[in-house]
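Thanks, I'll keep this short. Please look at the structure on the screen while I go through it.

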Amino acid sequence: MKDSKILKTQSDIFKITKYQKWSNKFILPVNNIKFFKDCNHVIDIGCNSGIYSLVASRYAQKITGVEGDSNYFKRTLKMQKYFRNSEYLSNFYDANRVKFVCEKFGNFDLPEDENVDGVIICNIAYHFSKQEVDSLSNLLHNAKKVLMQLRVKGAPNVNNNLKLQEINGAKKYLKNLGFNIILKQHHMCPILLGKKS
Ligand SMILES: C[S@@+](CC[C@H](N)C(=O)[O-])C[C@H]1O[C@@H](n2cnc3c(N)ncnc32)[C@H](O)[C@@H]1O
């Protein structure tokens, strides 16, 4: 089956999983998650239901989803179980490649023995403390690919993290780290960024 026939949007996934119905506005660029095809290890920071990690398991070798809230984390594990046990979804996604960790990103020990070459930062960076922004910079130093979604209107700006809360600040921040925008679909959709090899 072609990728385009699988799951196009987050709401498609929720229709199938019947698990949670989020806003239809969060369009998941499933086909573009092919974007992680050459990645050895992708880290999804603030993974919540884990949906991005699980969808990335179609192409990335290994994914670690980090979620700081233990209540949300229960739902992350449920979603992983759903992907693992669903005859339909397990044809396309390998939930066993994903490890979920319940930890604040600031307390999460970045893997030292291997390169993390992909990072997912969707609707999360504005939560980061200064220390977490520094950890993110370390991670992005070696990474080649980033899937980022910026703050949605009305979301709290917890740490007044201006450089990561809006498009110009985030673009400048990532450009300084060597990233360029590869694909930006529309303002509610994650942006794909990569480094020139
Ligand atoms: C707005 S949700 C975004 C979820 C997901 N990335 C997405 O775009 O669908 C933000 C998530 O990040 C988690 N979070 C917030 N601060 C965090 C931190 N410092 N470390 C890890 N997770 C955090 C929250 O618990 C929440 O699940």
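I'll start with the ligand. It has 17 residues around it, and the closest are Gly-46, Asn-48, Gly-68, Asp-69 and Cys-122. By character, the shell splits into four charged, six nonpolar and seven polar residues. Please keep in mind that this is a predicted model.

Stay with one of those closest residues, Asn-48. Asn-48 sits in the loop between β1 and α2. Its phi is positive, about 50 degrees, and it is not a glycine. For context, most residues other than glycine have a negative phi. Is Asn-48 buried or exposed? Asn-48 counts as buried, because it has 22 C-beta neighbours inside 10 Å, and the threshold for buried is 20 or more.

There is another asparagine to look at, Asn-123. Asn-123 has a positive phi of about 55 degrees, and it is not a glycine either. Asn-123 belongs to the loop that runs between β4, residues 118–122, and α4, residues 130–142. Asn-123 counts as partly exposed, because 16 C-beta neighbours lie inside 10 Å.

Now the overall layout. The protein chain has six helices and seven strands. Along the sequence they come as α-β-α-β-α-β-β-α-β-α-α-β-β. The protein chain has 197 residues, and 40% of them count as buried.

On to the sheet. What is the order of its strands? The order is β3-β2-β1-β4-β5-β7-β6, in an open sheet of seven strands with mixed pairing. The edges are β3, residues 98–102, and β6, residues 179–184, each of which pairs on one side only. On average, neighbouring strands of this sheet are turned by 20 degrees against each other, ignoring direction. As a reminder, strands of a sheet pair through backbone hydrogen bonds, either parallel or antiparallel.

Let me take the pairs around β2 one at a time. β1, residues 41–45, and β2, residues 62–67, are parallel, with five bridges between them. Two positions help to fix the register. Ile-43 has Thr-64 of β2 as its bridge partner, and Asp-44 stands opposite Gly-65 in β2. The unit formed by β1, helix α2 at residues 51–56, and β2 is a right-handed β-α-β unit.

Then β2 and β3. These two strands also run parallel, and five bridges join them. Here Ile-63 has Val-98 in β3 as its bridge partner. Between β2 and β3 the chain passes through helix α3, residues 70–85, in a β-α-β crossover that is right-handed.

How well does α3 match the expected span for a helix? From its first C-alpha to its last, α3 reaches 23 Å over 16 residues, close to the 22 Å expected at 1.5 Å a residue. The buried residues of α3 are Phe-73, Thr-76, Met-79, Gln-80, Tyr-82 and Phe-83. When you read that list, recall that an α-helix has 3.6 residues a turn, so residues three or four places apart point the same way.

Back to β2 for its burial. β2 is mostly covered, with five of its six residues buried. One residue of this strand is worth checking by its count. Lys-62 lies in β2, and it is partly exposed because it has 18 other C-beta atoms within 10 Å. That count falls under the 20 needed for a residue to be called buried. Lys-62 also has a contact in space worth noting. Its C-alpha is 9.9 Å from that of Gly-118, while the two residues are 56 apart in sequence.

Last, the other side of the sheet. Leu-193 lies in strand β7, residues 191–195. Why is Leu-193 counted as buried? Leu-193 is buried because 27 other C-beta atoms lie within 10 Å. Between Leu-193 and Phe-179 there are 5.9 Å, C-alpha to C-alpha, and the two are 14 residues apart along the chain.

That's the end of my part.

Key: Residues numbered from 1 in each chain as written. Predicted model: local features only at pLDDT ≥ 70, side-chain atom pairs only at ≥ 80, totals over all residues. Pairing = 2+ DSSP bridges. Helix = DSSP H or I, 4+ residues; strand = E, 2+ residues; numbered from the N terminus. Axes fitted to C-alpha atoms, helices over the stretch in contact; angles between N-to-C directions. Near = placed C-beta within 6 Å. Nonpolar A, V, L, I, M, F, W, Y, C, P; charged D, E, K, R; others polar. Right-handed = clockwise from strand over helix to strand, strands pointing away. Expected span 1.5 Å × (residues − 1). Buried ≥ 20, exposed ≤ 12 C-beta atoms within 10 Å, placed from the backbone.
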